[in-house]
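I set out to record what can be read from the structure displayed here. My entries follow in the order in which I looked things up.

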Amino acid sequence: MMFKTHNSLITLKTLLQSKSQLEPQSNKLYDFFQSRSIVKVRLKWVKNRSLDHIIDTETDLKAACLLKDAIKRSPTGFLTAKSVSEWQKLLGLTVPVLRFMRRYPTLFNEFPHAQYTNLPCFRLTDTALLLDSQEQTIHQTYESDTVERLCRVLMMMKSQTVPLQSLHPLKWDLGLPVNFEKVLIPKYPDHFQFAKAPNGTRSLRLVQWHEEFAVSALQRSNETSEKGKEYRQFKSGYTALTFPMSFPKGYGGQKKVRAWMEEFHKLPYISPYDDSKRIDPDSELMEKRVVGVLHELLSLTIHKKTKRNYLRSLREELILPHKFTRLFTRYPGIFYLSLKCKTTTVALREGYRRGKLANPHPLARLREKFYHVMRTGLLYRDKGVKMIPQEILLNDVEDETGQEESEEEEDEIGDGCYEETSEMGEDSDEE
């Protein structure tokens, strides 16, 4: 990335290199970006019913998929009600697991235990096995895409290493195979290797840097979209790269908000794959860099969202400030913070259009089909699963959720914008 002054052309990478090697004018420009102060406008949290609904339904979807994988891994080919009785919190459910599995007879076939007839057991239905087979095919077909996504995650880490205990909760979000440590990592010794951190935790390490992957989703989208001219100007140093914005209803037109975002976008865009050690951690430049890192990480997820606590476990490796989660509510045009299902989920607004993923990954499409099967079983539960016509059961519908409303159709909590206010949930459960 390059920035033009009146007399010279200076790259951002040069700015982030040793200051002692910079020319006097470069030093001044570096200090200008480091010390530049923007008047922040703190916005009240606004509820987005469409995104909340997606998060609500996908919580059940994820739980059903995890149970499906657990049954597959079971040596007996089934799970007992007793064995899953303590899994409610682990699966993120608001109802007991037994009740949850009985909701979806199209996926889980209930039968009595051979020895203990009063003990309910569950195995996968033929439909669930078929969907699982399709999922494995997708993992094989798009394996190179998965490897690239995992490389990008590791490339953003300061040590290019991530503890497996931090990576496991992100498996679903990143679209990794359930047993990726055994079926994926050993196949790519030139990309990944297992390592032990100084504290003894098992970690995954990037073997070598892949320069072709070191292009952020924001850069790629600008380069290939109709904004190509703007991106060429950015590459030439005439403009800064801007984040797509989708403000809650009523906010985007406010003068304070517009002025704030214009100043924010004038700051240099720092790729999440660039070294940021030379940036003042308290500067506006660092804040924009953190926004870029969070934007990139959410862009790498299949559903363009993840739980806030999953990101916290990566805070140090991503060089994020201690209370980085306040940025999710400080920049509501980029992120959306949801409180559905007794947890906090952060979503990337640009990833959704009219209640659906804008550019769904094949795995996301398969999960939509999986949810359709779940929903069909729930609707036919009282009639009996055998009464469901097969063509209805496996019909790949466009939008099972029925959410036709636009993202902008939201219910406001509070009103207006404020120079200094406390932000929703920013300090409630920090580390």
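**Notebook: pocket, cores and two loop residues**

I began with the lining of the largest pocket and sorted its residues by character: 17 are nonpolar, 12 are polar and 15 are charged. I note here that the model is a predicted one.

I next looked up the size of this pocket and found that it holds about 1,200 Å³ of space. Its lining comprises 44 residues, and those closest to the centre are K62, L66, L90, L91 and Y310.

I then asked which element gives the most residues to this lining. The answer is α3, with 12 residues. Among the other elements that each supply at least two lining residues, I listed α4 (88-91), α6 (126-141), α9 (171-174) and β11 (305-307). Helices α15 (308-312) and α17 (362-379) also belong to that list.

I turned to the chain as a whole. I counted 18 helices and 17 strands. Of the 431 residues, 52% are buried. The accessible surface comes to about 21,100 Å², and carbon and sulfur atoms account for 49% of that area.

I also looked up how contacts are spread along the sequence. Taking contacts with a separation of 6 or more, I found that 69% join residues 24 or more positions apart.

My next entry concerns the nonpolar cores. The largest contains 66 residues, and the members that touch the most others are L167, L204, L294, Y331 and F335. Helix α14 (residues 284-300) provides the largest share of this core, namely nine residues. There is also a second, separate core of 30 residues, which includes A64, C65, Y104 and L124.

I chose Y331 for a closer look and asked which residues it touches, leaving aside those up to four places away in sequence. I found W260, M261, F264, E287 and V291.

Lastly, I checked backbone angles and noted two residues that have a positive phi although neither is a glycine. For I319 the angle is about 55 degrees, and this residue is found in the loop between α15 and α16 (327-330). For R354 the angle is about 50 degrees, and R354 lies in the loop between β14 (352-353) and β15 (356-357).

I then asked whether I319 is buried, partly exposed or exposed. I319 has a relative accessible area of 30%, so I entered it as partly exposed. R354 has a relative accessible area of 48%, and I therefore entered R354 as partly exposed too.

Notes: Residues are numbered from 1 along each chain as its sequence is written. This is a predicted model: local features need pLDDT of at least 70, side-chain atom pairs count only at pLDDT 80 or more; totals for chains, interfaces and linings use all residues. Side-chain values use heavy atoms; hydrogens and water are left out. Helices (H or I, at least four residues) and strands (E, at least two) are DSSP runs, numbered from the N terminus. Buried means under 20% relative accessible area, exposed over 50%, partly exposed in between (1.4 Å probe, protein chains only). Contact means heavy atoms within 4.5 Å. Accessible areas come from the Shrake-Rupley method with a 1.4 Å probe; for residues, only the protein chains shown count as cover. On a 1 Å grid over the protein atoms alone, a cavity is a set of points where a 1.4 Å probe fits but cannot get out, and a pocket is an open set with protein on both sides within 12 Å along at least five of seven lines; lining residues have an atom within 4 Å of a point. Grid points are joined across faces, edges and corners, and a volume is the space filled by probe spheres set on the points. Ala, Val, Leu, Ile, Met, Phe, Trp, Tyr, Cys and Pro count as nonpolar, Asp, Glu, Lys and Arg as charged, and the others, Gly among them, as polar. A nonpolar core is a set of buried Ala, Val, Leu, Ile, Met, Phe, Trp, Tyr and Cys residues joined through side-chain atoms within 4.5 Å.
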